[in-house]
Amino acid sequence: MTDNFQRRRDEEQRMQDEGRLPPGQSLTLKFPVLHYGPVPNIDPATWTLSVFGEVEREMTWTWDEFRQIPTVEVSTDIHCVTGWSKFDTVWEGPRLRDFIELFGLTPDARYVIAHAAHGFTTNVPLEDMLDDDVILAWKYNGALLEPEHGFPVRTFVPKRYFWKSAKWLLKLEFSATDKPGFWEQAGYHNDGDPWQEQRYQRRRMF
Ligand SMILES: Nc1nc2c(c(=O)[nH]1)N[C@H]1C(S)=C(S)[C@@H](COP(=O)(O)O)O[C@H]1N2
Ligand SMILES: [Mo]
């Protein structure tokens with residue numbers, strides 16, 4: 001027991017030293033499910049995805065239309081604020097940067113707010129959402145997303161803690177001002193960079 005525990009610790013230390021495991025994280029081989037509230041029962045026949053705010057053209061896609069958009073595959077690590085990281089997860093969907101070309105942004109767009117089922121929201125600066133690895137994921141390991149992992153579509157923002165990757169996406173808002181989301185208003189850090197261990201907001205004590 002102790003030997004196994006020590007070996008795991010050593011392995012995690014090695015990965016931290018190699019720069020792959022962010023500070024305070026430990027590795028999981030499972031795929032934990034984490035969210036607030038129940039899994040929504042989304043019917044793909046009526047689901048739509050819309051973009052609004054600082055866009056040149058407001059647009060809406062049905063599930064059939066959305067799946068026609070060219071996709072990229074991203075294989076990378078994910079890091080949850082509760083302390084688990086999972087390596088080499090494989091996701092597929094349109095790259096957000098390319099997706100934006102379909103409707104265009106106004107010069108005032110600075111933040112992207114993901115709106116998901118049950119009123120869940122999360123905010124990320126536009127600049128960070130233009131990274132190569134930010135996609136609107138609708139496949140995991142080559143198959144459609146499981147309902148508990150966000151079917152039909154989730155945002156995927158691997159350079160932030162995983163709460164910034166909104167499951168059950170309904171709308172993307174492009175905003176001139178920042179709008180702290182569900183967990184961000186509840187005390188999670190506004191930026192959520194795992195490498196800087198930005199888990200929670202610093203609170204003024206007095
Ligand atoms: N819509 C929605 N998306 C969400 C959440 C949520 O509560 N609602 N939780 C976030 C959190 S805290 C995490 S860690 C990841 C977990 O994703 P997974 O269940 O696919 O592992 O989803 C994120 N996306
Ligand atoms: Mo999380």
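**Cavity lining.** I began with the lining of the largest cavity in this predicted model, and found that β6 gives the most to that lining, with three residues. When I listed the elements that give two or more residues to the lining of this cavity, I noted β6 (111-116) and β7 (121-125). The lining residues that I wrote down are Val112, Ile113, Ala114, Thr122, Val124, Met129, Thr155, Val157, Lys164 and Leu172. Sorting this lining by class, I recorded seven nonpolar, two polar and one charged residues.

**Cavity count and volume.** I then checked how many cavities of 30 Å³ or more the model holds, and the count came to one. For the largest cavity I noted a space of about 40 Å³.

**Largest pocket.** I turned next to the open spaces, where the largest pocket has a volume of about 420 Å³. I found 26 residues in the lining of this pocket, and those nearest its centre are Leu34, His35, Tyr36, Phe120 and Trp183. By class, I entered 17 nonpolar, seven polar and two charged residues for the pocket lining. I asked myself what takes up the largest pocket, and the model shows that this is the space taken by ligand 1.

**Shell around ligand 1.** Looking outward from the ligand, I found 19 residues around ligand 1, of which Pro32, Tyr36, His149, Arg154 and Lys167 come nearest. I divided the residues of this shell by class and obtained 13 nonpolar, three polar and three charged. Tyr36 therefore went into my notes twice, being listed among the residues nearest the pocket centre and also among those that come nearest to ligand 1, where a residue is taken as near if one of its heavy atoms lies within 4 Å.

**Polar contacts of ligand 1.** I looked up the N and O pairs next, and found a backbone N or O atom of Tyr36 at 2.8 Å from an oxygen atom of the ligand. For Arg154, I noted that a polar side-chain atom lies 2.8 Å from an oxygen atom of ligand 1. On the nitrogen side, a polar backbone atom of Ser165 is 2.9 Å from a nitrogen atom of ligand 1. I also looked up how far the ligand is covered, and recorded that the protein covers 99% of the 540 Å² of accessible area that ligand 1 has on its own.

**Backbone geometry.** I closed with the backbone, bearing in mind that most residues other than glycine have a negative phi, and that most peptide bonds are trans. Against that background I marked the peptide bond from Phe151 to Pro152, which is cis with omega near 5 degrees. I placed Pro152 in the loop between β10 (143-144) and β11 (154-156). I also marked Asp88, which is not a glycine and yet has a positive phi of about 55 degrees, and I located Asp88 in strand β5 (residues 84-93).

Conventions
Residues numbered from 1 in each chain as written. Chains lettered and ligands numbered in written order. Predicted model: local features only at pLDDT ≥ 70, side-chain atom pairs only at ≥ 80, totals over all residues. Heavy atoms only, no water. Polar contact = N/O pair within 3.5 Å; in protein donor to acceptor, adjacent residues only side chain to side chain. Areas by Shrake-Rupley, 256 points an atom, 1.4 Å probe, with all protein chains shown as cover. 1 Å grid on protein atoms, 1.4 Å probe; cavity = no way out; pocket = protein on both sides within 12 Å on 5 of 7 lines; lining within 4 Å. Sits in = over half its atoms within 2 Å of the grid points. Nonpolar A, V, L, I, M, F, W, Y, C, P; charged D, E, K, R; others polar. Points joined across faces, edges and corners; volume = space filled by probe spheres on them. Helix = DSSP H or I, 4+ residues; strand = E, 2+ residues; numbered from the N terminus.
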